[in-house]
Amino acid sequence: MASRLCFNIGFLIVASAGLLHGAYAANTYTVGGDLGWIVPPNSTYYEEWASQRTFQIGDSFVFNWTTGTHTATEVSTKEEYDNCTKMGIILVDAGVQVTFNENGTHYFLCSEGTHCEQGQKMIIKIGDGIPPSFAAPSLTAAAALSALFFSTLAIFFLN
């Protein structure tokens, strides 16, 4: 009986560690790093900045500017992004933090004057960049741990 209890507790510890191994601590990024969100020195600055990072679900992005008038406008499509379409969800205050809670591709640009045309635009790709379908939700780590715990208890008491 005691060996079965030790086995079940050991199994629970190993399985819990395996589930938590893939856990991810979200990051907060200042868009553009030290430069912030301003008209960049070249038209590919923000594209290069984003390509050096891997963004995940739960990450936050701060659009910060200290000089000039800017916006962070989220447009819906790549075409609107490419054409610097200046209609969308507009964030007008510097220091606004945006957090993404699912995979997807998000297009941001500055809608002031010709800032977008000068390169003040960026694509934020979260995870694989593909938004989730409307399939059944997957188990979270907490739900998986709960299921594992109660399964182990059931095995212990049924034996």
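# Notebook: His106, the cysteines and the cores

**Entry 1. His106.** I started at His106 and found a polar contact of 2.9 Å joining its side chain to that of Glu74. The model is a predicted one. I looked up where His106 sits: strand S6. Is His106 buried or exposed? His106 counts as buried, because its relative accessibility is 16% and the cut-off for buried is under 20%. I then listed what His106 touches, leaving out residues up to four places away in sequence. Glu74 is on that list, along with Phe100 and Met122. Ile123, Ile124 and Ile126 complete the list.

**Entry 2. The whole chain.** I stepped back to the overall layout. I noted four helices and seven strands in the protein chain. Along the sequence they run α-β-α-β-β-α-β-β-β-β-α. The chain has 159 residues, and 32% of them are buried. I also checked how far contacts reach. Of the contacts between residues at least 6 apart in sequence, 73% join residues at least 24 apart. The exposed area is about 9,700 Å², with 60% of it from carbon and sulfur atoms.

**Entry 3. Nonpolar cores.** Next I went to the largest nonpolar core, which holds 20 residues. Which residues touch the most other members? I wrote down Trp37, Phe55, Phe61, Phe63, Met122 and Ile124. Helix H2, strand S2 and strand S7 each supply at least two residues of this core. A separate core has six residues, among them Val75, Tyr81, Cys84 and Leu109.

I took Phe63 and listed its contacts, leaving aside neighbours within four places in sequence. Phe63 is in contact with Val31, Trp37 and Ala72. The contacts of Phe63 also include the run Asp93, Ala94, Gly95 and Val96. Val98, Phe108 and Ile124 are on the Phe63 list too.

**Entry 4. Asp59.** I wanted to see what surrounds this acidic side chain. Asp59 lies in the loop between helix H2 (45-51) and strand S2 (60-63). Why does Asp59 count as buried? Asp59 is buried because its relative accessible area is 0%, where the cut-off is under 20%. I looked for polar partners and found two backbone nitrogens. The backbone nitrogen of Asn27 lies 2.8 Å from a polar atom of the Asp59 side chain. The Asp59 side chain also reaches the backbone nitrogen of Gln56, at 2.8 Å. I checked Asp59 against Ile126 as well. They are 67 residues apart in sequence, yet their C-alpha atoms are 8.3 Å apart in space.

**Entry 5. Cysteines.** How many disulfides are there? I counted one disulfide. Cys84 is joined to Cys116, S to S 2.1 Å. The angle about the S-S bond is -80°, and the link is left-handed. I placed both ends on the chain. Cys84 is in the loop between helix H3 (78-82) and strand S4 (89-91). Cys116 is in the loop between strand S6 (104-109) and S7, so the disulfide links distant parts of the chain, 32 residues apart. Cys84 and Cys116 are both buried.

I then asked about Cys110. Why is Cys110 not in a bond with the closest cysteine sulfur? That sulfur is in Cys116 at 8.1 Å, which is too far for a bond, because a disulfide needs sulfur atoms within 2.5 Å. Cys110 counts as buried, at 0% relative accessibility.

**Entry 6. Salt bridges.** I counted two salt bridges. In one, Asp82 pairs with Lys78, with the closest N and O atoms 2.8 Å apart. Both residues lie in helix H3, four residues apart, about one turn of the helix. Asp82 is partly exposed at 40% relative accessibility. Lys78 is partly exposed at 38%.

In the other, Lys86 pairs with Glu117, with the closest N and O atoms 3.3 Å apart. This pair links distant parts of the chain, 31 residues apart. Lys86 is in the loop between H3 and S4, and Glu117 is in the loop between S6 and S7. I checked cover on both. Lys86 counts as partly exposed at 29% relative accessibility. Glu117 also counts as partly exposed, at 47%.

How values were computed:
Residues are numbered from 1 along each chain as its sequence is written. This is a predicted model: local features need pLDDT of at least 70, side-chain atom pairs count only at pLDDT 80 or more; totals for chains, interfaces and linings use all residues. Side-chain values use heavy atoms; hydrogens and water are left out. Buried means under 20% relative accessible area, exposed over 50%, partly exposed in between (1.4 Å probe, protein chains only). Contact means heavy atoms within 4.5 Å. Accessible areas come from the Shrake-Rupley method with a 1.4 Å probe; for residues, only the protein chains shown count as cover. A polar contact is a pair of N or O atoms within 3.5 Å; within protein, one must be able to donate a hydrogen and the other to accept it, and residues adjacent in sequence count only if both atoms are side-chain atoms. A nonpolar core is a set of buried Ala, Val, Leu, Ile, Met, Phe, Trp, Tyr and Cys residues joined through side-chain atoms within 4.5 Å. A salt bridge is a side-chain nitrogen of Lys or Arg within 4 Å of a carboxyl oxygen of Asp or Glu.
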